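Visitor: I would like a close look at a single part of this protein, with its surroundings explained step by step. Could you choose one part and take me through it slowly?

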Amino acid sequence: MKIAILSNGTGNYSTKRLKETAEARGHQVDVIKYKNCLVSVDRRDPKVIYRGREIDIKTYDAIIPRIANYMTKYGTAIVRQLEREGIFTTASAIAINRSRDKLRATQIMAKAVDVPKTVFSRNSTDIDEMLEQVGGAPVIIKLGSSTHGNGVVLADSKRAAKSALQAFYLYNEDGTNIMIQEFIAESVGIDIRVFVVGGRVVASMKRQSLDDDFRSNLHKSGAGTAVKLTEEEKKIAVKAAKSLGLSVAGVDILRSDRGPLVIEVNASPGFGIEKATGRDVATPVIEYIEQNARRGQKKDRVGA
């Protein structure tokens with residue numbers, strides 16, 4: 001098969017692993033820097049031009065989007081253009097966009113799995129009621145576009161929460177980009193990252209902060225180690241990914257006193273989990289494409 005990886009470049013570890021694995025299995029792989037693509041939208045003659053040359057879109061069997069958070073809108077526009085031509089993708093544009101909007105993702109997931117108590121409001125006068133709904137301070141305050149732990153604040157008192165919210169409201173007047181979540185004290189600085197591919201768990205690790213930071217992200221100097229999941233945690237991770245329409249996903253879970261709580265689903269999960277666990281996650285992704293790409297294209301053509 002011919003596979004395109006939409007990425008920021010071959011230097012990215014995840015991209016490198018996917019490319020090496022696919023080529024070792026006999027596939028042709030092109031790494032396309034999606035941010036350098038030019039798209040011509042036309043009913044009869046749509047085009048994607050990369051570095052001055054038109055890409056022969058119909059020669060690709062599948063694409064693997066590795067879209068950076070800060071390039072979500074442009075990156076998903078490229079994915080959408082390729083989807084329009086019936087190319088199989090491991091993550092649809094709509095699924096990527098769903099997962100990147102933290103509030104929207106939480107609302108969707110809450111129908112399928114347990115999530116931390118979450119509230120939002122466009123009125124700064126509702127702060128007292130919002131805090132009461134999540135059990136009071138301390139609370140987690142998140143921006144809807146937060147990533148790698150950035151845009152996430154721990155307010156350890158009612159006063160601190162009010163100050164943080166009032167500051168955020170100055171730049172987000174409609175309120176939908178800000179949400180408050182309950183603080184899960186028993187899992188502070190620790191979470192579980194579950195790598196899901198095609199409806200099954202292929203790797204899992206515990207991420208733990210190395211200092212007093214309440215965030216456990218590896219990008220925030222957290223450490224990752226292999227962890228054994230319960231059957232309930234496995235089912236919840238798969239359900240969460242499925243609820244957002246993601247076939248390949250990193251699902252983040254907190255172990256709370258009332259059971260597993262899903263806090264986020266990542267549409268372009270990093271492959272640092274391989275180093276932490278010794279598990280190969282690139283091969284399951286390529287195998288998933290091998291099993292589904294041509295079948296998916298056939299369905300698209302029949303339904304066109």
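Guide: A nonpolar core, a term we shall need for the interior, is a set of buried Ala, Val, Leu, Ile, Met, Phe, Trp, Tyr and Cys residues joined through side-chain atoms within 4.5 Å. Please keep in mind throughout that the model is predicted.

The part I have chosen is strand β12, which covers residues 190-197, and it belongs to a protein whose secondary structure comes to 9 helices and 16 strands. Of the 8 residues in β12, 7 are buried, so the strand is largely enclosed by the rest of the structure; buried here means under 20% relative accessible area. For the protein of 304 residues, the share that counts as buried is 51%.

What lies beside the strand? Strand β13, residues 200-208, runs antiparallel to β12 and is joined to it by 8 bridges, and within this pairing Ile-192 has Lys-206 of β13 as its bridge partner. The two strands form a hairpin with 2 residues between them, where Gly-198 takes a positive phi near 60°. Strand β15, residues 248-256, is also antiparallel to β12, and 6 bridges join the two; here the bridge partner of Phe-195 is Gly-250 in β15.

From β15 we can pass to the interior. The largest nonpolar core has 43 residues, and those touching the most other members are Leu-6, Val-251, Val-262 and Val-265. Helix α7, residues 231-243, supplies the largest share of this core, with 4 residues. If residues up to four places away in sequence are left aside, Val-262 touches, among others, Met-109, Val-113, Ile-236, Ala-240, Val-251 and Ile-253. Another core lies apart from the largest one and has 24 residues, including Ile-3, Ile-5, Val-202 and Val-285.

The interior also holds some empty space, for a search of the whole structure finds 4 cavities of 30 Å³ or more. In the second largest cavity there is about 70 Å³ of space, and among the residues lining this cavity are Leu-18, Ile-64, Val-248, Phe-271 and Val-285.

Finally, a step back to the whole protein: among contacts between residues at least 6 apart in sequence, 66% join residues at least 24 apart. The accessible surface comes to about 14900 Å², and carbon and sulfur atoms account for 46% of that surface.

Terms used:
Residues are numbered from 1 along each chain as its sequence is written. This is a predicted model: local features need pLDDT of at least 70, side-chain atom pairs count only at pLDDT 80 or more; totals for chains, interfaces and linings use all residues. Side-chain values use heavy atoms; hydrogens and water are left out. Buried means under 20% relative accessible area, exposed over 50%, partly exposed in between (1.4 Å probe, protein chains only). Two strands pair if DSSP finds at least two bridges between them. Contact means heavy atoms within 4.5 Å. Accessible areas come from the Shrake-Rupley method with a 1.4 Å probe; for residues, only the protein chains shown count as cover. On a 1 Å grid over the protein atoms alone, a cavity is a set of points where a 1.4 Å probe fits but cannot get out, and a pocket is an open set with protein on both sides within 12 Å along at least five of seven lines; lining residues have an atom within 4 Å of a point. Grid points are joined across faces, edges and corners, and a volume is the space filled by probe spheres set on the points.
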